[in-house]
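Biologist: I've got this one open in the viewer and would like a close look at a single part. Pick one helix, please, and take me through how it fits with its surroundings.

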Amino acid sequence: MQIKPSASIRQNYNEIAALCKSTGEPVFLTKNGEGDLVVMDIEAFTRREKMLKLREELLVVEEDRLAGRTGVTPDELDSYLESIIDEVEHEKKDSV
């Protein structure tokens, strides 16, 4: 974990940006000795956001499993989607 005073972002932007990119870790900026901001590389931020979204989705699935709710099998989903496609195609033919 890197900690820098907030003034360093104005004075050493390129250095802080390079530090974020090289380590893949956020840099914590302080103001008057207190935590103020966190700066991180956009790629690290994007990875973090994707990971959080995936964890959120997995949590929902696990909650459903624990509550006894079941989903559908891939075959059931495939059949369902095929029926919808057939229905839409049938409606197109009828409207022509």
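Modeller: Ground rule before we start: a helix here is a DSSP run of H or I, at least four residues long, and helices are numbered from the N terminus. K50, for instance, falls in helix α3, which covers residues 42–66. Keep in mind that this is a predicted model.

The helix I'd pick is α2, residues 13–23, which lies across β1, β2 and β3 and runs at about 140° to β2. So let's look at what's underneath. Those three strands form an open sheet in the order β1-β2-β3, with mixed pairing. β1 (2–5) and β3 (34–39) are the edge strands, each pairing on one side only. From one strand to the next, the twist averages 35°. β2 (residues 27–31) is joined to β3 by five bridges in the antiparallel sense, and T30 stands opposite G35 of β3.

Back to α2 itself. I16, L19 and C20 are its buried residues to look at. Because their arc around the axis is only 95°, they end up on the same side of α2. Turn to the other side of α2 and you'll find N14, K21 and S22 exposed. The buried residues of α2 pack against β1, β2 and β3, and also against α1 (7–11).

Now for the core. The largest nonpolar core has five residues in all: I16, L19, C20, V27 and L29. Both α2 and β2 supply at least two of them, with α2 giving the largest share, three residues. As a general point, nonpolar side chains in soluble globular proteins tend to be buried together.

V27 is a handy place to centre your view. Leaving aside residues up to four places away in sequence, V27 touches I16, L19 and C20, and its other contacts are Q2, K4, L37, V38 and V39.

One backbone detail to check where the helix ends: α2 is followed by G24, which has a positive phi near 70°.

For contrast with the buried side of α2, go back to K50. Its relative accessibility is 60%, so K50 counts as exposed, the cut-off being over 50%. K50 and G35 are 15 residues apart along the chain, and their C-alpha atoms are separated by 25 Å.

Methods. Residues numbered from 1 in each chain as written. Predicted model: local features only at pLDDT ≥ 70, side-chain atom pairs only at ≥ 80, totals over all residues. Heavy atoms only, no water. Pairing = 2+ DSSP bridges. Helix = DSSP H or I, 4+ residues; strand = E, 2+ residues; numbered from the N terminus. Axes fitted to C-alpha atoms, helices over the stretch in contact; angles between N-to-C directions. Contact = heavy atoms within 4.5 Å. Core = buried A, V, L, I, M, F, W, Y, C linked by side-chain atoms within 4.5 Å. Buried < 20%, exposed > 50% of the residue type's maximum accessible area, 1.4 Å probe, protein only. Arc of directions from axis to C-beta.
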